[in-house]
Amino acid sequence: MKNKLSSALYLFLCALFFSSCVATSGIDNTSTISSSEGVLSKKSTYAWYQPTPSAQPAYGQGFNADLHKHLLQSIEEELQRKGYTKTTVNPDMLVAYDVSVSVPDAMDKPELYGPGFGYSYAYMSGYRYSYGNAELPGYRAVDLFKQGTLIVDVIEPKSKQLLWRGWTEGAVKNFDANYGKVRSLVQEIVKRLPTAVQP
């Protein structure tokens with residue numbers, strides 16, 4: 001009986017050890033870049049950079065429009081947890097998201113894109129945003145990321161320049177992802193954003 005208890009305890013401890021290894025040993029593909037230290041130190045309010053799309057999205061096969069809704073909801077919830085308040089009047093910063101997709105040959109032409117973004121999930125007709133990057137160290141256009149990379153950007157409202165970017169490389173493997181999956185991906189990015197300054 002004693003041997004059976006010892007064996008059971010040993011197996012339990014092994015299972016516990018290996019499960020903890022699995023939970024913590026994954027590769028972290030989340031990264032951030034920022035225009036300067038403390039650039040967000042006085043920010044507390046935000047608005048969406050482009051609350052209404054300039055053109056109707058043309059989703060391809062395997063893409064679900066609900067992903068857009070899940071991302072908006074998740075980002076707003078996570079920003080609120082970080083202390084940021086959504087506003088429509090004089091926001092301290094603007095927020096945008098993107099999910100990179102493979103660029104079709106017909107769309108892969110420099111003249112189709114201005115500074116900022118290239119081909120992306122949210123508006124699959126091509127060019128989406130027009131804010132600049134001010135030669136931010138580590139900056140890449142969306143179409144240079146691996147397909148499925150989720151990107152969250154913070155933009156200066158007056159200059160329309162990128163202040164901060166967080167992304168998870170190749171995170172969205174299923175463009176029909178449910179809300180729970182989307183929120184967990186957003187959390188990994190937004191938790192790296194500095195906490196909002198309190199008035």
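So, strand 4: seven of its seven residues are buried, and that makes it largely enclosed by the rest of the structure. Keep in mind as we go that this is a predicted model.

Let's look at the two faces of that strand. Side chains in a regular strand alternate between the two faces of the sheet. On one side of strand 4 you have Met93, Val95, Tyr97 and Val99, and on the other Leu94, Ala96 and Asp98, every one of them buried. Both faces are covered, in other words.

Okay, who are the neighbours? Strands pair through backbone hydrogen bonds, parallel or antiparallel. Strand 4, residues 93-99, runs antiparallel to strand 5, residues 150-155, and six bridges join the two. If you want to find the register on screen, Leu94 sits opposite Ile155 in strand 5, and Asp98 has Ile151 as its bridge partner there. With strand 2 the pairing is parallel, over three bridges. There, Tyr46 is bridged to Met93 of strand 4.

Now zoom out to the sheet. In what order do the six strands sit? They go 1-6-5-4-2-3, in an open sheet with mixed pairing. Strand 1 (30-34) and strand 3 (85-86) are at the edges with a single partner strand each, so each has one side left without a neighbour in the sheet. Helix 2, residues 66-81, packs on this sheet and touches strand 2 (45-48), strand 3, strand 4 and strand 5. Its direction makes about 140° with that of strand 4. Helix 3, residues 179-190, lies across strand 1, strand 5 and strand 6 (162-168), at about 135° to strand 6.

For the whole chain, we're at three helices and six strands, and from the N terminus the elements read α-β-β-α-β-β-β-β-α. Of the 199 residues, 40% are buried. If you count contacts with a separation of 6 or more, 72% of them are between residues 24 or more positions apart.

Next, helix 2, which I'd like to spend a minute on. The helix has 16 residues and reaches 23 Å from first C-alpha to last, close to the 22 Å expected at 1.5 Å a residue. Which of its residues are buried? Leu67, His70, Leu71, Ser74, Ile75, Glu78 and Leu79. They cover an arc of only 150° around the axis, so they're on the same side of helix 2. As a reminder, an α-helix has 3.6 residues a turn, so residues three or four places apart point the same way. Lys69 and Gln80 are exposed, on the face of helix 2 turned away from the buried side. As for what does the covering, that includes strand 2, strand 4, strand 5 and helix 3. Just past the end of helix 2, Gly83 has a positive phi of about 95°.

One residue to click on is His70, in helix 2. Is His70 buried or exposed? Its relative accessible area is 17%, and with the cut-off for buried at under 20%, His70 counts as buried. Beyond residues up to four places away in sequence, His70 touches Ala177, Asn178, Tyr179 and Val182.

On to the cores. The largest nonpolar core has 29 residues, and the ones touching the most other members are Leu71, Ile75, Leu79, Val95 and Leu150. Strand 2, helix 2, strand 4, strand 5, strand 6 and helix 3 each give two or more residues to this core. Which element gives the most? That's helix 3, with five residues. Take Leu79 as an example: leaving out residues up to four places away, Leu79 touches Tyr46, Tyr84, Val95, Val190 and Leu193. Then there's a second, separate core of 14 residues, with Tyr49, Leu94, Ile155 and Trp167 among them.

Last stop, back out at the edge: Ser34, in strand 1. Ser34 is partly exposed, at 34% relative accessible area. Setting aside neighbours within four places in sequence, Ser34 is in contact with Val39, Leu136, Leu163 and Trp164. And how far is Ser34 from Leu162, in sequence and in space? They're 128 residues apart in sequence, and 8.3 Å apart C-alpha to C-alpha.

Definitions and conventions: Residues numbered from 1 in each chain as written. Predicted model: local features only at pLDDT ≥ 70, side-chain atom pairs only at ≥ 80, totals over all residues. Heavy atoms only, no water. Pairing = 2+ DSSP bridges. Helix = DSSP H or I, 4+ residues; strand = E, 2+ residues; numbered from the N terminus. Contact = heavy atoms within 4.5 Å. Axes fitted to C-alpha atoms, helices over the stretch in contact; angles between N-to-C directions. Buried < 20%, exposed > 50% of the residue type's maximum accessible area, 1.4 Å probe, protein only. Core = buried A, V, L, I, M, F, W, Y, C linked by side-chain atoms within 4.5 Å. Expected span 1.5 Å × (residues − 1). Arc of directions from axis to C-beta.
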